[in-house]
Amino acid sequence: MATTIDALPAEADRERDPMRPLPCRVLRTQRETRNIFTVALSPPFGMDRFAFRPGQFNMLYSPGVGEVPVSISGRPEGGREIVHTIREVGPVTRALGTLRRGDTVALRGPFGTAWPVAGVDGSDMVFVAGGIGLAPLRPALYHVLSHRERFGRITLLFGTRTPADLLFRREIEAWRGRLDVDVEVTVDRGDPEWHGPVGVVTRFVPHAAFDAARTHAFVCGPELMMMFAVRELLRRGVAPGQVHVSLERNMKCAIGLCGHCQMGPLFVCRDGPVFTWDRVQGLLATREI
Ligand SMILES: Cc1cc2nc3c(=O)[nH]c(=O)nc-3n(C[C@H](O)[C@H](O)[C@H](O)COP(=O)(O)OP(=O)(O)OC[C@H]3O[C@@H](n4cnc5c(N)ncnc54)[C@H](O)[C@@H]3O)c2cc1C
Ligand code: FES
């Protein structure tokens with residue numbers, strides 16, 4: 001029987017030094033778009049599995065270049081491979097983009113809080129993703145879909161810049177084909193082959209089929225997109241404590257020591273990255289809404 005994430009220890013092997021990167025083998029790599037790739041790693045040498053909770057992140061280390069936080073984007077069950085989906089934006093993410101099967105890379109983790117998938121049974125679930133924001137949400141989607149009977153309606157709203165930037169295309173098509181999931185995909189700018197919606201992802205929220213009183217919404221993407229998405233969810237009547245967002249800040253230690261990721265009284269690495277909206281709304285630039 002497959003192990004469920006509910007049964008896995010969330011902070012596995014915490015007695016090991018959280019500052020020491022552990023080497024892992026690259027099992028496979030896959031190009032998702034022009035500047036986004038997925039890399040699957042083995043558990044660190046000497047461990048046969050790697051437990052994490054959806055929404056948590058690892059620090060990936062490229063020798064001589066640096067270390068960056070990256071969310072885990074793979075299936076939470078099993079723990080035989082650790083999957084990350086990464087957009088190349090600078091030196092470290094570009095160096096990670098040159099990894100090939102059989103190479104070694106080092107990681108620390110898993111760190112941070114999780115999407116509360118285990119505590120929301122019976123809820124309608126709304127996932128709102130912008131661009132690479134679908135990657136940190138994917139483990140939560142996997143969990144909800146593999147325990148479908150525990151949840152009410154499931155809605156995925158996904159927006160990206162252009163059709164060429166669409167992540168996880170085959171999976172999205174498979175989810176779209178299911179009768180028990182509502183999937184809406186939009187792009188900011190279409191192309192001659194695109195026949196779907198054009199415009200921002202938040203436009204779907206007012207018409208999406210969910211019962212606000214029993215909805216938990218998970219939102220991940222650029223900060224401005226998240227703020228607009230949250231505004232629409234609150235307008236529909238979803239309680240701020242039932243809206244969950246994942247935040248990104250520059251990080252160094254990832255264990256709440258250095259203060260690099262501080263946001264008011266919160267450390268994003270330790271208290272987040274997943275927060276309920278009521279905890280962070282006053283700390284984000286709400287004037288922009
Ligand atoms: C908790 C957490 C989870 C993350 N998960 C993912 C993930 O799953 N996949 C992923 O691709 N990235 C993720 N990131 C972002 C990733 O850590 C950064 O893209 C990375 O640190 C950039 O490092 P670099 O050396 O390649 O580029 P840098 O030299 O650090 O940055 C290059 C350029 O990109 C810009 N930049 C840096 N970070 C970001 C960002 N987050 N968003 C937009 N622009 C940015 C910088 O301002 C700069 O202009 C996550 C960040 C955090 C804090
Ligand atoms: S990265 Fe050091 S406190 Fe968060």
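pLDDT is the predictor's confidence in each residue, on a scale from 0 to 100. This is a predicted model, so to speak of local features we ask for pLDDT of at least 70 and count side-chain atom pairs only at pLDDT 80 or more, while totals for chains, interfaces and linings use all residues. Residues are numbered from 1 along each chain as its sequence is written, chains are lettered from A and ligands numbered from 1 in the order in which they are written, and side-chain values use heavy atoms, with hydrogens and water left out.

**View 1. Confidence along the chain, with a look at residues 1–12.**
Mean pLDDT for the chain comes to 92, and 93% of the residues reach 70 or more. Residues 1–12 are another story: pLDDT stays under 50 there. For that stretch the model has 26 contacts (heavy atoms within 4.5 Å) beyond four places in sequence.

**View 2. Strand 7, residues 124–130, and its surroundings.**
Helices (H or I, at least four residues) and strands (E, at least two) are DSSP runs, numbered from the N terminus. Buried means under 20% relative accessible area, exposed over 50%, and partly exposed in between, with a 1.4 Å probe and protein chains only. Seven of the seven residues of strand 7 are buried, so the strand is largely enclosed by the rest of the structure. In a regular strand, side chains alternate between the two faces of the sheet. Here both faces are covered: Asp124, Val126, Val128 and Gly130 are buried on one side, and Met125, Phe127 and Ala129 on the other.

**View 3. Val128 and its partners in strand 10 and strand 8.**
Two strands pair if DSSP finds at least two bridges between them. Strand 7 pairs in the parallel sense with strand 10 (residues 215–220) over six bridges, and Val128 sits opposite Val219 there. Strand 7 also pairs with strand 8 (residues 154–160), again parallel and over six bridges; in strand 8, Leu157 is the bridge partner of Val128. To get from strand 7 to strand 8, the chain goes through helix 2 (residues 134–146), a right-handed β-α-β crossover (with the strands pointing away from the viewer, the path from the first strand over the helix to the second runs clockwise).

**View 4. Helix 4, residues 223–236, and what it packs against.**
The expected span of a helix is 1.5 Å times one less than its number of residues. For the 14 residues of helix 4 that gives 20 Å, and the end C-alpha atoms are 20 Å apart, which agrees. Met225, Met226, Met227, Ala229, Val230, Glu232 and Leu233 are buried. The buried residues of helix 4 pack against strand 7, strand 10, strand 11 (243–246) and helix 6 (277–280). Right after the helix comes Gly237, with a positive phi near 105 degrees.

**View 5. Two cis peptide bonds, at Pro110 and Pro273.**
Going from Gly109 to Pro110, the peptide bond is cis, with omega near 0 degrees; Pro110 belongs to strand 6 (residues 104–111). Gly272 and Pro273 are joined by a cis bond too, omega about 15 degrees. Pro273 is in the loop between helix 5 (268–271) and strand 14 (274–276).

**View 6. Positive phi at Phe168 and Ala254.**
Phe168 is not a glycine, yet its phi is positive, near 50 degrees. Phe168 lies in the loop between strand 8 and helix 3 (169–177), and is buried at 4% relative accessible area. Ala254 has a positive phi near 70 degrees, lies in the loop between strand 11 and strand 12 (262–263), and counts as buried at 3%.
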